[in-house]
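Colleague: Hi! Could you walk me through this one? I'm new to reading structures.
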Amino acid sequence: MTHRFSNARWYIGDDGIATTIYDASDLEGTGPNGHGMVCRDAVHEDARLIALAPELYRMAQDFIEQVEAYDRLHGPNSCPISPDAARAAIAKAEGRDSDGV
């Protein structure tokens with residue numbers, strides 16, 4: 001599932017009746033400009049968060065990389081911020097057990 005988020009560019013398509021999330025990086029779909037559909041009939045408030053998911057996923061990965069880089073430079077577990085919650089969130093998004101992270 002990792003690849004699904006890595007280059008995804010999700011956006012909201014709202015025709016006034018239904019709110020649909022499309023992926024601008026998927027050019028083999030049936031949506032606007034041939035974009036693939038990610039989710040349809042979402043509540044508009046939920047759709048904003050759903051459309052943001054790929055960006056949040058990438059931000060969590062970047063955060064973990066920055067903490068690990070800090071720890072490599074200053075010593076193990078020296079960063080005052082733990083990446084555990086970000087690791088658990090990524091595991092959950094990928095369908096893995098977040099308890100074993």
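Modeller: Happy to! One definition to begin with: helices here are DSSP runs of H or I with at least four residues, numbered from the N terminus. Also keep in mind that this is a predicted model.

Colleague: Okay, so what follows α3?
Modeller: G95 comes after α3, and its phi is positive, near 80°.

Colleague: And within α3, which residues are buried?
Modeller: In α3, which covers residues 84-93, the buried ones are A86, I90 and A91. They sit on the same side of the helix, because they cover an arc of only 135° around its axis.

Colleague: What's on the other side of α3?
Modeller: There you find A85 and K92, which are exposed.

Colleague: What covers the buried residues of α3?
Modeller: The cover includes α2, the helix of residues 44-74.

Colleague: Let's switch to charges. How many salt bridges are there in the whole structure?
Modeller: A search of the whole structure finds three. In one of them, the side chains of E68 and R87 meet at 2.9 Å, N to O. E68 belongs to helix α2 and R87 to helix α3, so this pair ties together parts that are 19 residues apart in sequence.

Colleague: Which other side chain does R87 meet in a salt bridge?
Modeller: That of D84, at 3.6 Å, N to O. D84 and R87 are three residues apart in helix α3, so about one helical turn separates them. D84 counts as partly exposed, at 46% relative accessibility. Through shared partners, salt bridges join E68, D84 and R87 into one network.

Colleague: And what does E94 form a salt bridge with?
Modeller: With R96, where the closest N and O atoms are 2.8 Å apart. R96 is partly exposed, at 44% relative accessibility.

Colleague: New topic: strands! In which sense do β1 and β2 pair?
Modeller: Antiparallel, over five bridges, with β1 at residues 10-14 and β2 at residues 19-23. Their hairpin has four residues between the strands, and G16 takes a positive phi near 90° there.

Colleague: What's the bridge partner of G13 in β2?
Modeller: T20.

Colleague: Is T20 buried or exposed?
Modeller: Buried, because its relative accessible area is 9% and the cut-off for buried is under 20%. Leaving out residues up to four places away in sequence, T20 touches Y11, I12, G13, M37, C39, R40 and D41.

Colleague: Last one: which residues form the nonpolar patch on the surface?
Modeller: L49, L52, L56 and M59, with about 360 Å² of accessible area together. L56 lies in helix α2 and is partly exposed, with a relative accessible area of 39%.

How values were computed. Residues are numbered from 1 along each chain as its sequence is written. This is a predicted model: local features need pLDDT of at least 70, side-chain atom pairs count only at pLDDT 80 or more; totals for chains, interfaces and linings use all residues. Side-chain values use heavy atoms; hydrogens and water are left out. Buried means under 20% relative accessible area, exposed over 50%, partly exposed in between (1.4 Å probe, protein chains only). Helices (H or I, at least four residues) and strands (E, at least two) are DSSP runs, numbered from the N terminus. The arc is that of the directions from the helix axis to the C-beta atoms. Contact means heavy atoms within 4.5 Å. Patches are made of residues with over 30% relative accessible area and no salt bridge: like charges are joined within 9 Å, nonpolar side chains (Val, Leu, Ile, Met, Phe, Trp, Tyr) within 5 Å. Accessible areas come from the Shrake-Rupley method with a 1.4 Å probe; for residues, only the protein chains shown count as cover. A salt bridge is a side-chain nitrogen of Lys or Arg within 4 Å of a carboxyl oxygen of Asp or Glu. Two strands pair if DSSP finds at least two bridges between them.
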